[in-house]
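Work through these short exercises with the model open. Try each task before reading its solution.

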Amino acid sequence: PWAEKLTGYSAKEAVGRYCGEILQGGMCHVDCPLKTVIERQDPTVHIETTIQNKKGETIPVRMSTAALLDEEDSLIGGLEAFEDISELKALEREKANLMSMFAHDMKSPLIAIQGFALRLLAHTTDMAEERREKYLEIIKREAGKLDHLINDFLEFSRLQTGKLSLNLGATSLDKELLELFEAYHPRASQSGIELKLENSEELPLIEADAARLRRVLTNLLDNAFKFTVGEGTVTILTEQTDHDVIIKIIDEGRGIDAEDLHAVFEPFHRGRYAEETGGIGLGLAVVKAIVEAHGGRVLLESELGKGSVFTVILPKTATEDRQEKTKL
């Protein structure tokens with residue numbers, strides 16, 4: 001059944017025909033693996049090649065071949081086993097693309113840091129104090145971009161290798177949000193954005209990894225600032241139910257195209273404004289993974305031209321399942 005699904009041919013269509021006629025392998029007209037193994041009687045393993053299915057689509061496969069011998073070591077035929085490695089090849093391409101994007105996005109802030117640092121070094125005695133402060137501020141900003149990029153990359157690497165472990169403890173979301181509000185307020189003022197913190201009632205302490213939740217909130221705030229063009233408002237709103245605490249990051253920015261909504265939390269997804277805003281498309285994937293590791297959910301509502309609302313829902317108490325995963 002698996003071979004029928006992969007090749008598109010039924011057993012009835014395939015049995016009795018030459019394998020090359022059905023598989024149309026990439027090595028059929030070069031060095032047929034089955035003929036080679038029958039002639040030499042030496043098995044070959046893990047050859048990477050391709051086949052074509054009935055629709056004419058090319059599928060990458062990993063193939064092993066061996067001669068079939070009877071009890072007296074007389075040759076009676078050959079065996080060819082192969083597996084679909086399309087997903088593996090897609091991951092390899094994804095990894096290559098990631099490294100390319102990561103290197104590209106690192107290059108821009110590094111060039112800026114190097115350029116302004118050289119200017120400072122070249123004019124250590126004759127540069128006006130105002131200009132010096134301006135250059136240092138640019139270096140600080142670009143270093144911040146670099147730090148954020150590297151942290152996203154490292155966090156995603158931990159998620160991919162299963163090494164993300166939560167350091168749970170009593171966490172005050174009110175405290176975390178107030179500190180973030182104060183940290184982002186100067187940036188908002190410089191950008192002409194009004195930043196609001198609206199929490200009508202005190203939130204209870206929850207069991208969480210405070211550092212990683214801060215990562216979630218900074219990623220969402222950075223995202224809101226990035227897509228709010230000109231004057232606008234970014235609001236941090238908190239609510240609670242009997243079982244959950246809810247944090248909403250609301251912006252009045254560009255919004256997200258309906259076609260992109262289903263993919264925004266996918267790794268490497270960069271959307272229609274990727275060239276303008278930069279980034280390698282890991283920020284929201286990291287957000288989703290951390291929130292879900294806490295037993296929570298992250299939701300998105302958005303309309304193009306009207307802004308977005310990211311909603312983080314976290315349980316007030318840890319579940320037994322989450323506690324067990326955290327120990328692991």
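**Exercise 1. Find the volume of the second largest cavity, then describe its lining.**

Solution. The second largest cavity has a volume of about 30 Å³. A cavity here is a set of points on a 1 Å grid over the protein atoms alone, where a 1.4 Å probe fits but cannot get out; lining residues have an atom within 4 Å of a point. Next, name the lining: L173, L213, V216, L217, I247, V312 and L314. Sort these by class: seven are nonpolar, none polar and none charged. Now look at the elements. Both α8 and β10 (307–315) supply at least two lining residues. The largest share, three residues, comes from α8.

Before going on, note the ground rules. This is a predicted model, in which local features need pLDDT of at least 70 and side-chain atom pairs count only at pLDDT 80 or more, while totals for chains, interfaces and linings use all residues. Residues are numbered from 1 along each chain as its sequence is written, and side-chain values use heavy atoms, with hydrogens and water left out.

**Exercise 2. Check the length of helix α8 and say how covered it is.**

Solution. Helix α8 covers residues 210–227, 18 in number. The expected span is 1.5 Å times one less than the number of residues. That gives 26 Å, and the end C-alpha atoms are 26 Å apart, so the two agree. Then check burial (under 20% relative accessible area, with a 1.4 Å probe and protein chains only). In α8, 14 of the 18 residues are buried. Finally, look at the start of α8: a side-chain oxygen of D209 comes within 3.2 Å of the backbone nitrogen of A211.

**Exercise 3. Place N53 and list its partners.**

Solution. N53 sits in the loop between β1 (44–52) and β2 (58–69). It counts as buried because its relative accessibility is 8%. Its side chain reaches the backbone nitrogen of K55 at 3.0 Å. The N53 side chain also makes a polar contact (N or O atoms within 3.5 Å, one able to donate a hydrogen and the other to accept it) with the side chain of E57, at 2.7 Å. Leaving out residues up to four places away in sequence, N53 touches L6, T7 and I59; contact means heavy atoms within 4.5 Å.

**Exercise 4. Describe the largest cavity.**

Solution. Its volume is about 90 Å³. Of the 14 lining residues, G25, C28, P33, M63 and E80 are the closest to its centre. The elements giving two or more residues to this lining are α3 (19–23) and β1. By class, the lining of the largest cavity has eight nonpolar, five polar and one charged.

Notes: Helix = DSSP H or I, 4+ residues; strand = E, 2+ residues; numbered from the N terminus. Buried < 20%, exposed > 50% of the residue type's maximum accessible area, 1.4 Å probe, protein only. 1 Å grid on protein atoms, 1.4 Å probe; cavity = no way out; pocket = protein on both sides within 12 Å on 5 of 7 lines; lining within 4 Å. Points joined across faces, edges and corners; volume = space filled by probe spheres on them. Nonpolar A, V, L, I, M, F, W, Y, C, P; charged D, E, K, R; others polar.
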